[in-house]
Each structure stands twice: as C-alpha cells, then as structure tokens.
Amino acid sequence: MYLINCPTCGKRISVSDKKCPYCGFELADFLRDKPSNHNLKKRNIFLFSGILLTFCILCTIVISVITYLGDENISDNSIISDTYPDDFKKFNTKSSAVSPIINTTQLAGVYMGDEHAMLILSDDGTAHYYSNEVAYTDINCSWDISESNVNVYLEKIHCTISADTASYPKLIFTSDSSNWESEEYEKVDVDPDSYLKRTIVTNDHSAYMLSDGRLHYEISGLSFILPKYFCDTADALDSDPHSSIFIDVDVTMDFTGTVFFNDNLTTYSEDLSSENAGDIFISFASRFVDNPSFSKPEAVTVAGLPAYKAYLKNATYKKSYYSFVGYQSNGYIVIIPKNDIKKNIIIFFCQTSDRKRDDTDGFYEILESASILQ
C-alpha cells in the first residue's frame with residue numbers, strides 16, 4: 001500500500017483514502033490531477049520542445065515591441081522634460097518593473113506552517129490561527145495589507161506578525177515580539193470553511209467557548225465573559241464545580257496572568273464589612289502567594305450585587321504555583337456574597353509585575369461582564 005503524508009496534519013495515510021482519517025482533508029480531490037512519474041517523463045520531452053519554440057516566438061515579439069516603444073519614449077520624455085516639474089516626471093515615465101497586485105481576495109485562504117500550524121485568512125478581514133496547543137488557538141483575529149505586507153494580530157500571543165506578499169503563495173511571517181519566531185506558511189488548495197467549523201473547546205466543565213474566541217464561565221448563579229487572550233489549559237480543577245482557573249501567558253513564559261474563581265473556600269457571613277473582607281482576602285491569597293498585602297477593601301457592585309474589592313501589592317508566587325516561583329505579582333481580589341445560596345464567590349486576579357507585560361485591563365472586563373443567570 002502506497003503511503004503519503006497528509007498535506008494538512010502530516011500523518012501517514014494511504015493514497016487510496018478519500019479523506020484523511022485524522023483531520024478530514026479531502027485527499028481524493030488533492031491527488032486527482034497529480035500525474036504519475038511515468039507520464040511525467042513523457043510530458044517533459046514535449047514540454048521542453050514547446051517551451052523552446054514559444055521562447056523563440058516571444059523573443060521576436062519582445063524585440064519588436066521594445067523597438068516601437070523606444071521611439072515613443074523619445075518623444076514622450078522630451079515633452080515631459082521641457083514642460084513639467086520633476087515630481088510629475090517621476091510618476092509618468094515608463095517603468096519595466098511591474099509589481100504583482102496582491103489584495104485580500106487573492107490572499108484569502110488556508111496556509112500551512114511548521115509542525116502543522118495553520119493560519120486561515122478570510123476575505124472579510126478576520127484571521128484564525130490554529131496550533132497543536134489549544135492554548136494558542138486564536139480565532140477571529142484581524143488582518144490587513146499595508147504596502148506590500150500582510151499583517152495579522154494574534155491576541156492570545158500578544159503580537160503582530162507580518163509577511164512580505166512578494167513571496168506569495170509562500171508567506172514568511174516575522175514579528176518584533178519575542179513571542180514569535182520566524183515561520184514560513186504556504187497556501188494550500190483546501191476549503192477554509194471546513195476548518196472554520198472546527199470546534200474550539202475548553203477543558204472546564206463550567207465554561208464554554210463563544211464564537212468569537214472568548215470564554216463564557218458560570219459559577220453559583222453568576223456568569224462571566226473572559227477576554228480572548230485568556231485560555232484554559234487542562235488542570236485538576238476542570239471537573240470541580242467550585243473552582244476554576246484561566247491563564248493569560250505568553251509563549252516565551254515572560255509573563256503570566258491568572259484569574260481564579262471559587263465559591264467554597266471562605267466562610268459565608270451575612271454582615272460582611274471592609275474589615276472582615278480584608279481578613280478573608282489575606283487568608284485566601286496565602287494559598288497562592290507568599291505574604292500577600294492588600295489595600296483597604298472598598299465597596300463595589302458586581303452584576304448588581306454588593307461586593308468588596310482590594311488591590312494586591314508586590315506579592316511573590318509560591319513554589320507550587322506554576323513555574324513562576326519567586327516572581328513578584330500584582331493584582332486584585334473581589335468577594336461577592338450570594339445571600340440566596342449563603343456562599344461567597346471569590347475572584348482572584350494576579351499577574352507577574354517584574355516581567356515584560358503588566359496589564360490589568362482584563363480584570364475589569366471580567367467584572368463588567370458579570371450577570372445573574374436566569
């Protein structure tokens with residue numbers, strides 16, 4: 001049985017398969033017009049003869065055209081030189097260099113990269129980036145063309161990648177960010193719709209992915225929407241209905257941001273105040289960071305419910321907290337008393353403060369997205 005590598009997923013498959021059993025790639029259509037080696041040799045003999053004859057004819061035509069245009073240019077350039085300023089001449093003299101016209105319609109399609117990474121450029125200006133790790137699957141990004149470059153902004157990796165369209169249908173994407181290494185992508189003749197239907201999932205039983213790549217999360221009758229750059233990796237809390245953790249981490253591990261939800265690690269109190277909220281915050285955060293220090297809790301409203309918020313100042317990650325032991329972290333913590341179920345919902349957001357990126361906007365987006373489930 002003759003085996004080949006699947007053009008999309010790279011797995012070894014049989015040429016007799018109509019579709020790749022691993023990724024569903026339409027193999028039959030891809031191979032249908034491929035010539036055999038025997039036929040290819042015969043065709044090459046005739047092809048060479050045809051090319052030689054065509055070349056001779058084209059040379060004759062080109063020489064004739066150049067002779068004609070040369071006479072015309074003498075007349076045109078003399079008029080421009082005598083009558084118009086230099087700026088006008090720059091745009092009106094004939095040039096032998098013709099740049100290929102690249103537009104969004106021409107560039108749109110599916111591009112395969114190293115290690116089976118895939119980039120889909122849609123003609124509506126949205127891009128979709130898939131890699132082997134679901135953490136770096138980024139859907140509904142934006143892309144555009146400026147001058148001769150195609151630019152794609154990848155939110156989860158926090159960088160813009162660019163490629164010169166002169167090498168189309170191959171695009172070598174580079175970036176000023178250390179989060180991206182130079183990588184070549186080549187356009188493949190496959191239907192992008194079949195890949196856009198690929199389901200992006202979350203491991204957490206209490207969350208699901210929205211169509212735009214954001215995460216919808218529910219806990220104790222409240223729902224929250226996490227910004228696109230937060231992702232959910234497999235962890236021990238995925239099946240726990242009382243706790244969940246989501247991360248924002250760049251690929252070079254120079255930055256991490258985490259948001260932790262819980263509704264069973266604190267004692268519910270009907271007379272919650274700024275003072276006892278502070279004690280709860282320190283007790284809770286001590287599980288993750290050493291010697292946490294918070295600002296005085298202030299009253300806030302989350303999904304119409306009274307709550308308390310405090311700022312975490314320059315704590316350090318504990319050894320068991322990912323691989324960021326010793327890194328300083330800043331962040332926020334919020335406690336939301338749910339009187340109807342006699343529970344406190346804690347939201348703990350912390351991020352490295354001595355690394356390359358320090359941004360707490362995502363925390364406020366999460367709080368503002370909160371709503372009560374009906």
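**Exercise 1. Identify the buried residues of helix H6 in this predicted model, and determine how they are arranged around its axis.**

*Solution.* Step 1: list the residues. Ser274, Ala277, Gly278, Ile280, Phe281, Phe284 and Ala285 are the buried residues of H6.

Step 2: look along the axis. These buried residues fall within an arc of 165 degrees, so they line one face of H6.

Step 3: turn to the other side of H6. There, Glu275 and Asp279 are exposed.

Step 4: find what covers the buried residues. The covering elements include E15, strand E16 (289-290), E18, E19 and E20.

Step 5: check the length. H6 runs over residues 274-285, 12 residues in total. From its first C-alpha to its last, H6 reaches 16 Å, close to the 16 Å expected at 1.5 Å a residue.

**Exercise 2. Describe the largest nonpolar core: its central members and the elements that supply it.**

*Solution.* Step 1: find the members with the most core neighbours. The core has 25 residues, and those that touch the most other members are Phe224, Leu226, Phe246, Val259, Phe261, Ile336 and Ile347.

Step 2: assign the core to elements. At least two residues each come from strands E12 (215-219), E13 (222-226), E15 (256-262), E18 (305-317), E19 (328-338) and E20 (343-352), and from helix H7 (361-369).

Step 3: take one member as an example. Beyond its neighbours within four places in sequence, Leu226 is in contact with Arg214, Leu215, Tyr217, Phe246, Val259, Phe261 and Ile366.

Step 4: look for a further core. Another one, of 22 residues, lies apart from the largest core and has Ala117, Leu121, Tyr136 and Ala163 among its members.

**Exercise 3. Give the strand order of the open sheet that contains E13, and state which strands stand at its edges.**

*Solution.* Step 1: write the order. The four strands follow one another as E11-E12-E13-E21, with antiparallel pairing.

Step 2: locate the edges. Strand E11 (207-209) and strand E21 (371-372) each have a single partner strand, so one side of each is left without a neighbour in the sheet.

Step 3: examine one pairing. E13 and E21 are joined in the antiparallel sense over two bridges, and Ser223 stands opposite Ser371 in E21.

**Exercise 4. Trace the strand pairings that involve E10, then those of the hairpin formed by E7 and E8.**

*Solution.* Step 1: begin with strand E10 (residues 183-188). Strand E3 (residues 109-112) pairs with E10 in the antiparallel sense over three bridges; Val110 stands opposite Val188 in E10.

Step 2: add the pairing with strand E9 (residues 170-173). E9 and E10 are antiparallel over four bridges, and Ile172 has Glu184 in E10 as its bridge partner.

Step 3: turn to the hairpin. Strand E7 (residues 149-154) and strand E8 (residues 159-164) pair in the antiparallel sense over six bridges. Leu154 has Cys159 in E8 as its bridge partner.

Step 4: inspect the turn. Four residues lie between E7 and E8, and His158 in this turn has a positive phi of about 60 degrees.

**Exercise 5. Locate the cis peptide bond from Tyr168 to Pro169, and place the positive phi values of Glu147 and Asn314.**

*Solution.* Step 1: recall the usual case. Most residues other than glycine have a negative phi, and most peptide bonds are trans.

Step 2: consider the peptide bond. Omega is near 10 degrees for the cis bond from Tyr168 to Pro169, and Pro169 is placed in the loop between E8 and E9.

Step 3: consider Glu147. Its phi is near 55 degrees, and its place is in the loop between strand E6 (138-146) and E7. With a relative accessibility of 84%, Glu147 counts as exposed.

Step 4: consider Asn314. This residue has a positive phi of about 45 degrees and is found in strand E18. Asn314 is partly exposed, at a relative accessible area of 49%.

**Exercise 6. Summarise the protein as a whole, and state where pLDDT stays under 50.**

*Solution.* Step 1: count the elements. The protein has seven helices and 21 strands.

Step 2: consider burial and contacts. Of its 374 residues, 39% count as buried. Among contacts with a separation of 6 or more, 46% are between residues 24 or more positions apart.

Step 3: consider confidence. The average pLDDT is 77, and 70% of the residues score at least 70. Residues 33-49 stay under 50, and the model has two contacts for them beyond four places in sequence. Residues 72-98 also stay under 50, with nine such contacts.

Technical notes:
Residues numbered from 1 in each chain as written. Predicted model: local features only at pLDDT ≥ 70, side-chain atom pairs only at ≥ 80, totals over all residues. Heavy atoms only, no water. Core = buried A, V, L, I, M, F, W, Y, C linked by side-chain atoms within 4.5 Å. Buried < 20%, exposed > 50% of the residue type's maximum accessible area, 1.4 Å probe, protein only. Contact = heavy atoms within 4.5 Å. Expected span 1.5 Å × (residues − 1). Arc of directions from axis to C-beta. pLDDT = per-residue confidence, 0-100. Pairing = 2+ DSSP bridges.
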